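Dear colleague,

I am passing on the structure we spoke about, with the sequence alongside. My notes follow below it, and I would be glad if you read them with the model open.

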Amino acid sequence: TSADAGLPGDEALRRLASDGPNALENIQPRSRASILADQFQSLPVAMLLGAASVSILTGGAVEAAVILAVVGLNAVIGYQTESRAERTIEGLGAKGPRTAQVTRDGVKAAIPVREIVPGDLLTVQRGDVVPADARLLSEEALTVSEALLTGESAPIQKTVDPIERIKVPLGARSNMIYRGTIVTGGGGRAIVVATGSLTQAGRIQRLVGATLTPETPLQRE
(Lines give C-alpha, C1' and ligand atoms only; values in the text may rest on other atoms or scores of the structure.)
Protein backbone atom coordinates (compact mmCIF):
# COMPACT_ATOMS: atom_id res chain seq x y z
CA THR A 1 0.00 0.00 0.00
CA SER A 2 0.99 3.66 -0.24
CA ALA A 3 1.25 5.93 2.78
CA ASP A 4 0.00 8.81 0.62
CA ALA A 5 -2.34 7.35 -2.01
CA GLY A 6 -3.59 4.25 -0.19
CA LEU A 7 -4.54 1.13 -2.11
CA PRO A 8 -5.43 0.99 -5.80
CA GLY A 9 -9.14 0.39 -6.20
CA ASP A 10 -8.74 -2.96 -7.99
CA GLU A 11 -6.37 -4.26 -5.31
CA ALA A 12 -8.87 -3.25 -2.60
CA LEU A 13 -11.58 -5.26 -4.38
CA ARG A 14 -9.26 -8.26 -4.66
CA ARG A 15 -8.48 -8.16 -0.95
CA LEU A 16 -12.16 -7.78 -0.08
CA ALA A 17 -12.94 -10.91 -2.08
CA SER A 18 -10.02 -12.75 -0.46
CA ASP A 19 -10.38 -11.64 3.17
CA GLY A 20 -14.13 -11.13 3.36
CA PRO A 21 -16.10 -8.18 4.78
CA ASN A 22 -14.93 -6.16 7.75
CA ALA A 23 -17.62 -7.40 10.13
CA LEU A 24 -17.93 -9.41 13.34
CA GLU A 25 -20.26 -12.33 13.85
CA ASN A 26 -23.68 -11.53 15.25
CA ILE A 27 -23.97 -12.76 18.83
CA GLN A 28 -27.37 -13.81 20.11
CA PRO A 29 -27.53 -12.55 23.71
CA ARG A 30 -29.12 -14.69 26.40
CA SER A 31 -32.40 -13.44 27.82
CA ARG A 32 -32.60 -12.21 31.39
CA ALA A 33 -34.87 -15.13 32.28
CA SER A 34 -32.31 -17.59 30.88
CA ILE A 35 -29.46 -16.04 32.86
CA LEU A 36 -31.53 -16.14 36.06
CA ALA A 37 -32.64 -19.74 35.47
CA ASP A 38 -29.02 -20.83 34.99
CA GLN A 39 -28.23 -19.73 38.55
CA PHE A 40 -30.37 -22.56 39.93
CA GLN A 41 -29.20 -25.39 37.66
CA SER A 42 -25.92 -26.39 39.30
CA LEU A 43 -25.62 -29.47 41.51
CA PRO A 44 -24.58 -27.57 44.68
CA VAL A 45 -27.66 -25.32 44.40
CA ALA A 46 -29.90 -28.37 43.89
CA MET A 47 -28.40 -29.96 47.00
CA LEU A 48 -28.98 -26.80 49.02
CA LEU A 49 -32.58 -26.56 47.85
CA GLY A 50 -33.04 -30.21 48.77
CA ALA A 51 -31.58 -29.54 52.22
CA ALA A 52 -33.94 -26.59 52.66
CA SER A 53 -36.91 -28.78 51.74
CA VAL A 54 -35.86 -31.41 54.29
CA SER A 55 -35.45 -28.70 56.93
CA ILE A 56 -38.97 -27.41 56.28
CA LEU A 57 -40.43 -30.93 56.50
CA THR A 58 -38.63 -31.58 59.79
CA GLY A 59 -39.60 -28.28 61.35
CA GLY A 60 -36.30 -26.50 60.85
CA ALA A 61 -37.76 -23.27 59.47
CA VAL A 62 -34.80 -21.14 60.57
CA GLU A 63 -32.28 -23.46 58.91
CA ALA A 64 -34.38 -23.51 55.74
CA ALA A 65 -34.58 -19.71 55.70
CA VAL A 66 -30.80 -19.40 56.05
CA ILE A 67 -30.18 -21.90 53.23
CA LEU A 68 -32.67 -20.18 50.93
CA ALA A 69 -31.08 -16.80 51.71
CA VAL A 70 -27.68 -18.18 50.69
CA VAL A 71 -29.11 -19.60 47.46
CA GLY A 72 -30.87 -16.30 46.72
CA LEU A 73 -27.73 -14.25 47.37
CA ASN A 74 -25.70 -16.56 45.14
CA ALA A 75 -28.30 -16.19 42.37
CA VAL A 76 -28.27 -12.39 42.60
CA ILE A 77 -24.47 -12.18 42.45
CA GLY A 78 -24.27 -14.68 39.59
CA TYR A 79 -27.03 -12.92 37.66
CA GLN A 80 -25.39 -9.50 37.96
CA THR A 81 -21.96 -10.85 36.98
CA GLU A 82 -23.20 -12.74 33.94
CA SER A 83 -25.42 -9.84 32.84
CA ARG A 84 -22.41 -7.51 32.82
CA ALA A 85 -20.45 -10.09 30.84
CA GLU A 86 -23.27 -10.38 28.30
CA ARG A 87 -23.34 -6.60 27.86
CA THR A 88 -19.58 -6.59 27.28
CA ILE A 89 -19.85 -9.32 24.65
CA GLU A 90 -22.68 -7.44 22.94
CA GLY A 91 -20.55 -4.30 22.98
CA LEU A 92 -17.77 -6.02 21.06
CA GLY A 93 -20.10 -6.73 18.18
CA ALA A 94 -22.13 -3.53 18.43
CA LYS A 95 -22.80 -1.79 15.18
CA GLY A 96 -20.79 1.41 14.74
CA PRO A 97 -20.88 3.96 11.93
CA ARG A 98 -21.68 2.56 8.51
CA THR A 99 -18.96 4.53 6.70
CA ALA A 100 -15.35 5.58 7.30
CA GLN A 101 -12.91 7.98 5.66
CA VAL A 102 -10.52 5.97 3.48
CA THR A 103 -8.01 7.07 0.84
CA ARG A 104 -7.77 4.94 -2.31
CA ASP A 105 -6.01 5.90 -5.54
CA GLY A 106 -5.09 9.17 -3.82
CA VAL A 107 -8.73 10.16 -3.30
CA LYS A 108 -10.26 10.34 0.18
CA ALA A 109 -13.89 9.28 0.36
CA ALA A 110 -16.41 7.75 2.74
CA ILE A 111 -16.75 4.03 2.06
CA PRO A 112 -18.83 1.36 3.84
CA VAL A 113 -17.05 0.00 6.90
CA ARG A 114 -17.74 -3.54 5.68
CA GLU A 115 -15.58 -2.86 2.59
CA ILE A 116 -12.43 -1.80 4.47
CA VAL A 117 -9.50 -4.15 3.82
CA PRO A 118 -5.95 -4.56 5.17
CA GLY A 119 -3.74 -1.91 3.59
CA ASP A 120 -6.42 0.78 3.42
CA LEU A 121 -5.31 4.28 4.41
CA LEU A 122 -7.68 5.33 7.17
CA THR A 123 -8.37 8.85 8.48
CA VAL A 124 -9.86 9.27 11.96
CA GLN A 125 -10.86 12.32 13.97
CA ARG A 126 -12.52 13.19 17.25
CA GLY A 127 -15.82 11.38 17.75
CA ASP A 128 -15.06 8.54 15.32
CA VAL A 129 -15.41 4.89 16.23
CA VAL A 130 -12.32 3.16 14.83
CA PRO A 131 -13.54 0.70 12.16
CA ALA A 132 -10.52 -1.66 12.05
CA ASP A 133 -7.15 -2.32 13.67
CA ALA A 134 -4.55 0.01 12.17
CA ARG A 135 -0.95 1.24 12.56
CA LEU A 136 -0.63 5.01 12.88
CA LEU A 137 1.28 6.95 10.25
CA SER A 138 0.59 10.45 11.54
CA GLU A 139 -1.31 12.03 14.41
CA GLU A 140 -2.22 15.42 15.83
CA ALA A 141 -2.87 15.27 19.60
CA LEU A 142 -4.65 11.96 19.04
CA THR A 143 -6.24 10.35 22.10
CA VAL A 144 -8.35 7.19 22.05
CA SER A 145 -10.59 5.54 24.63
CA GLU A 146 -9.79 1.82 24.71
CA ALA A 147 -12.12 0.95 27.60
CA LEU A 148 -13.92 -1.65 25.48
CA LEU A 149 -10.73 -3.69 25.08
CA THR A 150 -8.63 -2.93 28.15
CA GLY A 151 -11.07 -1.57 30.74
CA GLU A 152 -8.90 1.54 31.10
CA SER A 153 -11.26 4.51 31.47
CA ALA A 154 -8.71 7.26 30.77
CA PRO A 155 -8.05 8.11 27.10
CA ILE A 156 -4.70 6.90 25.73
CA GLN A 157 -2.30 9.35 24.08
CA LYS A 158 -1.21 7.93 20.72
CA THR A 159 2.08 8.40 18.88
CA VAL A 160 3.63 7.20 15.62
CA ASP A 161 6.93 6.16 17.21
CA PRO A 162 7.92 2.52 16.74
CA ILE A 163 7.86 0.22 19.77
CA GLU A 164 11.18 -1.57 20.17
CA ARG A 165 10.00 -4.18 22.66
CA ILE A 166 8.23 -7.48 22.06
CA LYS A 167 5.20 -8.89 23.88
CA VAL A 168 3.84 -5.41 24.60
CA PRO A 169 0.45 -5.43 26.38
CA LEU A 170 -2.49 -4.20 24.31
CA GLY A 171 -2.91 -1.04 26.37
CA ALA A 172 0.75 -0.07 25.83
CA ARG A 173 0.71 -0.28 22.03
CA SER A 174 0.72 3.47 21.60
CA ASN A 175 1.17 3.44 17.82
CA MET A 176 -1.92 1.29 17.17
CA ILE A 177 -5.65 2.00 17.08
CA TYR A 178 -8.22 -0.75 17.39
CA ARG A 179 -11.67 -1.57 16.10
CA GLY A 180 -14.47 -0.43 18.40
CA THR A 181 -12.39 2.13 20.31
CA ILE A 182 -13.41 5.80 20.28
CA VAL A 183 -11.31 8.78 19.20
CA THR A 184 -11.68 11.28 22.05
CA GLY A 185 -9.40 14.00 20.72
CA GLY A 186 -7.28 15.08 17.77
CA GLY A 187 -6.97 13.00 14.63
CA GLY A 188 -4.63 10.94 12.54
CA ARG A 189 -3.98 8.65 9.59
CA ALA A 190 -3.30 4.94 9.83
CA ILE A 191 -2.80 1.85 7.70
CA VAL A 192 -5.32 -0.93 8.37
CA VAL A 193 -3.62 -4.17 9.47
CA ALA A 194 -6.57 -6.35 10.48
CA THR A 195 -10.29 -6.46 9.75
CA GLY A 196 -13.33 -8.45 10.87
CA SER A 197 -12.70 -11.45 13.11
CA LEU A 198 -8.91 -10.91 12.94
CA THR A 199 -9.14 -7.64 14.89
CA GLN A 200 -8.51 -7.61 18.63
CA ALA A 201 -12.26 -7.19 19.22
CA GLY A 202 -12.90 -10.23 17.03
CA ARG A 203 -10.32 -12.30 18.91
CA ILE A 204 -11.85 -11.42 22.27
CA GLN A 205 -15.28 -12.31 20.90
CA ARG A 206 -14.03 -15.72 19.79
CA LEU A 207 -12.27 -16.40 23.08
CA VAL A 208 -15.34 -15.53 25.12
CA GLY A 209 -17.56 -17.66 22.91
CA ALA A 210 -15.24 -20.67 23.22
CA THR A 211 -14.58 -20.45 26.95
CA LEU A 212 -16.23 -23.05 29.18
CA THR A 213 -16.97 -22.23 32.80
CA PRO A 214 -14.69 -24.40 34.96
CA GLU A 215 -16.14 -26.44 37.80
CA THR A 216 -15.62 -25.12 41.30
CA PRO A 217 -13.94 -27.33 43.92
CA LEU A 218 -17.37 -27.81 45.56
CA GLN A 219 -18.86 -29.02 42.27
CA ARG A 220 -15.99 -31.46 41.74
CA GLU A 221 -16.37 -32.87 45.27
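**Notes on the model**

Ala141 lies in strand β4, which covers residues 133–145. Please keep in mind throughout that this is a predicted model. What drew my attention to Ala141 is its backbone, since phi is positive there, at about 50 degrees, although the residue is not a glycine. Most residues other than glycine have a negative phi. Ala141 also counts as exposed, because its relative accessibility of 55% is over the 50% cut-off.

A positive phi is found at Asp105 as well, where the value is near 55 degrees, and this residue, too, is something other than glycine. Asp105 sits in the loop that runs between β1 (99–104) and β2 (107–112), and with a relative accessible area of 53% it is exposed.

As for the pairing of the strands, β4 and β7 run antiparallel and are joined by 10 bridges, one of which can be followed from Leu136 to its partner in β7, Ala190. Strand β7, which spans residues 182–194, is also joined to β3 (residues 121–125), again in an antiparallel arrangement, in this case through five bridges. Within that second pairing, Thr123 has Arg189 of β7 as its bridge partner.

Turning to the helical part, Arg30 is placed in the loop between α1 (9–19) and α2 (32–38), and it counts as partly exposed, because its relative accessibility of 32% falls between the cut-offs of 20% and 50%. Which residues does Arg30 touch, once its neighbours within four places in sequence are left aside? They are Ile35, Asp38, Glu82 and Glu86. For the last of these, Glu86, the C-alpha atom is separated from that of Arg30 by 7.5 Å, while the two residues are 56 residues apart along the chain.

Finally, there is a nonpolar patch on the surface, of about 340 Å², which is made by Leu48, Val62, Val66 and Val70. Helix α4, formed by residues 61–92, gives the most to this patch, with three residues. Val62 has its place in that helix, α4, and it counts as exposed, because its relative accessibility of 62% is over the 50% cut-off.

With best wishes

Key:
Residues are numbered from 1 along each chain as its sequence is written. This is a predicted model: local features need pLDDT of at least 70, side-chain atom pairs count only at pLDDT 80 or more; totals for chains, interfaces and linings use all residues. Side-chain values use heavy atoms; hydrogens and water are left out. Helices (H or I, at least four residues) and strands (E, at least two) are DSSP runs, numbered from the N terminus. Buried means under 20% relative accessible area, exposed over 50%, partly exposed in between (1.4 Å probe, protein chains only). Contact means heavy atoms within 4.5 Å. Two strands pair if DSSP finds at least two bridges between them. Patches are made of residues with over 30% relative accessible area and no salt bridge: like charges are joined within 9 Å, nonpolar side chains (Val, Leu, Ile, Met, Phe, Trp, Tyr) within 5 Å. Accessible areas come from the Shrake-Rupley method with a 1.4 Å probe; for residues, only the protein chains shown count as cover. A salt bridge is a side-chain nitrogen of Lys or Arg within 4 Å of a carboxyl oxygen of Asp or Glu.
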